[in-house]
Amino acid sequence: KRIFLPGDENPKVAGQCVIYLRYVTGVDYSGNASEWKSEINSDSPTKYSIAVLSVGRWGHIGLVIDEDYSDGKVTIRSRNWEGLWVISDNEFDIGDERILGYIKWW
């Protein structure tokens, strides 16, 4: 299911994770996902923090919707992990090397 959000009118970022995170959090950091790593301020996930991942050329960001320290997992909701425009929830090990850190934005 394609979900159109404010900011998707720009063809360079349409359907991407950054537009989704800006929409759900109101955070307006600039640049592609890999540039958000300069905003990392935590090594541990908390609900609704932004996870910054090192994947692909431009990186990836998503919203932590659940963290369970008892089983060492974190669930991250993002757009474009499973395909352009697609919003999905994906579970990662908290120690996954692709997770660079978290942004507590509130």
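This passage describes the sheet, the helix packed on it and the nonpolar cores of a predicted model. Local features were taken at pLDDT of at least 70 and side-chain atom pairs only at pLDDT 80 or more, whereas totals for chains, interfaces and linings use all residues. Residues are numbered from 1 along each chain as its sequence is written, and side-chain values use heavy atoms, with hydrogens and water left out.

An open sheet is formed by 5 strands in the order 4-3-2-1-5 with antiparallel pairing, where strands are DSSP runs of E of at least two residues and helices runs of H or I of at least four, numbered from the N terminus, and two strands pair if DSSP finds at least two bridges between them. Strand 4 (87-93) and strand 5 (99-103) stand at the edges with a single partner strand each, so one side of each lacks a neighbour in the sheet. Strand 2 (residues 60-68) and strand 3 (residues 73-79) run antiparallel and are joined by 5 bridges; the bridge partner of Asp66 in strand 3 is Thr75.

The largest nonpolar core (buried Ala, Val, Leu, Ile, Met, Phe, Trp, Tyr and Cys residues joined through side-chain atoms within 4.5 Å; buried means under 20% relative accessible area with a 1.4 Å probe, protein chains only) has 14 residues, and those with the most contacts inside it are Val18, Leu21, Trp36, Ile50 and Ile61. Helix 1 supplies the largest share of this core, 5 residues. A second, separate core of 9 residues includes Leu53, Val74, Ile76 and Ile99.

Methods: Buried means under 20% relative accessible area, exposed over 50%, partly exposed in between (1.4 Å probe, protein chains only).
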